[in-house]
Amino acid sequence: MAEIQIKNVEKWFGSYQALTSIDLTISDQEFMVLLGASGCGKTTLLRIIAGLETASQGEVWINDRRIDHLAPKDRGIAMVFQNYAVFPHLTVFENIGFGLRMQRRPNHEVKARVERNAELMHIEQLLGRYSGELSGGQRQRVAVARALAMEPDVILMDEPLSNLDALLRLEMRAELKGVLAGSKTTAIYVTHDQVEAMSLADRISVMHQGRIIQAADPLSVYRDPAERFVGSFIGNPPMNFLPATPEGGGKWRVAGQSYAGPKTDHTALDFAIRPEDLQPSVAGLAAVVKVVEPLGAHVLVTCAIDGQMFRSVLDSDTKLAAGETITLQPNADRIRWFDPQSQVLVR
């Protein structure tokens with residue numbers, strides 16, 4: 001059992017504040033992904049949990065035990081890094097069992113744990129090889145197996161798949177999620193890759209400028225971003241935004257069209273819609289086509305509406321050319337509204 005509580009954690013590097021008032025609870029056996037662009041503070045937060053950095057303020061707890069004052073080896077945590085850190089002079093068996101040897105575990109226990117976790121990661125046939133004989137994907141499997149062999153309360157992963165090619169990443173994502181679910185280990189995973197975050201996470205914590213903007217399940221983060229930044233960061237292509245002015249009675253004027261929206265005293269809002277939530281129609285938003293990109297299963301159309309870039313994902317049979325005008329009707333249930341000043345979602 002390993003529930004993690006992060007309480008009011010802040011981190012300063014001189015005059016630069018890397019983390020601001022981080023409060024987050026991660027449930028036992030939950031797969032939590034910290035998602036954000038470079039410099040948002042996600043790796044700093046992971047290193048504080050691991051004990052590789054010291055928080056300037058705040059506390060970190062695992063269950064009822066405060067751990068932020070403990071050495072990394074005493075926290076019950078294992079870590080998998082972006083670089084595999086597989087020892088070249090040791091076999092795969094010796095690499096996976098390295099931490100257990102450091103703990104002076106008996107030989108029969110080391111053998112049992114190594115073989116069990118090698119089988120979980122589908123590398124049982126590689127146990128006698130050295131790292132120079134392994135591919136990048138195989139080395140990453142060794143690193144994960146080594147961490148799991150320690151049977152940690154918590155496993156921390158810092159962009160462990162970023163050095164793999166696209167096909168290997170897809171394969172490793174599927175394996176990693178299944179293995180960690182079977183191991184009943186609480187996991188915290190750092191990435192800037194939104195596809196990894198959406199596919200792996202039980203919950204995603206979206207980070208921006210040292211703050212957690214939103215922590216929710218992947219579909220909620222995608223469908224109901226708490227702030228405009230989340231909508232613009234998650235999704236490929238990201239959300240479209242257009243300015244909206246009030247017409248009264250909960251109606252809002254967007255690019256010459258009227259849409260039902262929040263009944264609020266705001267004098268302006270930002271209208272937001274996902275590119276896949278638009279359909280060609282006889283009525284709707286008039287858009288001038290700029291670029292058409294056939295992508296197999298669909299077509300990505302980049303347009304201009306009132307001089308602003310606007311993207312739509314349409315059926316692959318859609319025939320369009322640059323310079324044409326297309327009318328796009330948004331799915332009314334999928335329209336979201338944001339305060340242009342605070343950037344937060346307006347319900």
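**Figure 1. Strand E8 (residues 186–191) pairs with strand E3 in the parallel sense, over five bridges.**
The model shown is predicted: local features need pLDDT of at least 70 and side-chain atom pairs pLDDT 80 or more, while totals for chains, interfaces and linings use all residues. Residues are numbered from 1 along each chain as its sequence is written, and side-chain values use heavy atoms, with hydrogens and water left out. Two strands are said to pair if DSSP finds at least two bridges between them. Strands (E, at least two residues) and helices (H or I, at least four residues) are DSSP runs, numbered from the N terminus. Where E3 meets E8, Val33 has Tyr189 as its bridge partner. E3 also pairs with E9, again in the parallel sense, here over four bridges. In that second pairing, Leu34 has Ser205 of E9 as its bridge partner.

**Figure 2. Strand E3 (residues 31–35) is largely enclosed by the rest of the structure.**
Which way do the side chains of E3 point? Phe31, Val33 and Leu35 point one way, whereas Met32 and Leu34 point the other way. In a regular strand, side chains alternate between the two faces of the sheet. Are the residues of E3 buried or exposed? Five of the five residues are buried, so the strand is largely enclosed. Here buried means under 20% relative accessible area, exposed means over 50%, and partly exposed lies in between (1.4 Å probe, protein chains only). Over the whole protein, buried residues make up 47% of the 347 residues.

**Figure 3. The largest nonpolar core contains 48 residues.**
A nonpolar core is a set of buried Ala, Val, Leu, Ile, Met, Phe, Trp, Tyr and Cys residues joined through side-chain atoms within 4.5 Å. Ile96, Ile123 and Met157 have the most contacts inside the largest core. Which helix gives the most to this core? Helix H5 (residues 136–149) does, with seven residues. Apart from this core lies another, of 26 residues, among them Ile6, Leu45, Ile188 and Val190. In soluble globular proteins, nonpolar side chains tend to be buried together.

**Figure 4. Met157 touches residues that include Phe31, Leu46 and Val80.**
A contact means heavy atoms within 4.5 Å. Which other residues does Met157 touch, if those up to four places away in sequence are not counted? They are Leu176, Leu180, Ala187, Ile188, Tyr189 and Val190. In the protein as a whole, residues 24 or more positions apart account for 64% of the contacts with a separation of 6 or more.

**Figure 5. Five strands form an open sheet with antiparallel pairing.**
The strand order is E13-E12-E11-E14-E19. The edge strands, each pairing on one side only, are E13 (257–260) and E19 (336–338). Strand E12 (residues 251–254) runs antiparallel to E13, and four bridges join the two. Within this pair, Trp252 of E12 stands opposite Tyr259 of E13. In total, the protein has 19 strands and nine helices. Its C-alpha atoms fill a box of roughly 75 × 45 × 35 Å, taken along the principal axes.

**Figure 6. A cis peptide bond joins Asn236 and Pro237.**
The omega angle of this bond is about 5°. Where is Pro237 found? Pro237 belongs to the loop between helix H9 (228–233) and strand E11 (240–248).

**Figure 7. His122 and Gln209 have positive phi values, although neither is a glycine.**
Phi of His122 is near 60°, and phi of Gln209 is about 50°. His122 lies in the loop between helix H4 (107–120) and H5. Gln209 is found in the loop between strand E9 (203–208) and strand E10 (211–216). With a relative accessible area of 47%, His122 is partly exposed. Gln209 is exposed, with a relative accessible area of 62%.

**Figure 8. Ala85 and Arg139 are 54 residues apart in sequence.**
How far apart are Ala85 and Arg139 in space? From C-alpha to C-alpha, the separation is 8.7 Å. Ala85 lies in the loop between E6 and helix H2 (92–96). The relative accessible area of Ala85 is 41%, which means that this residue is partly exposed.
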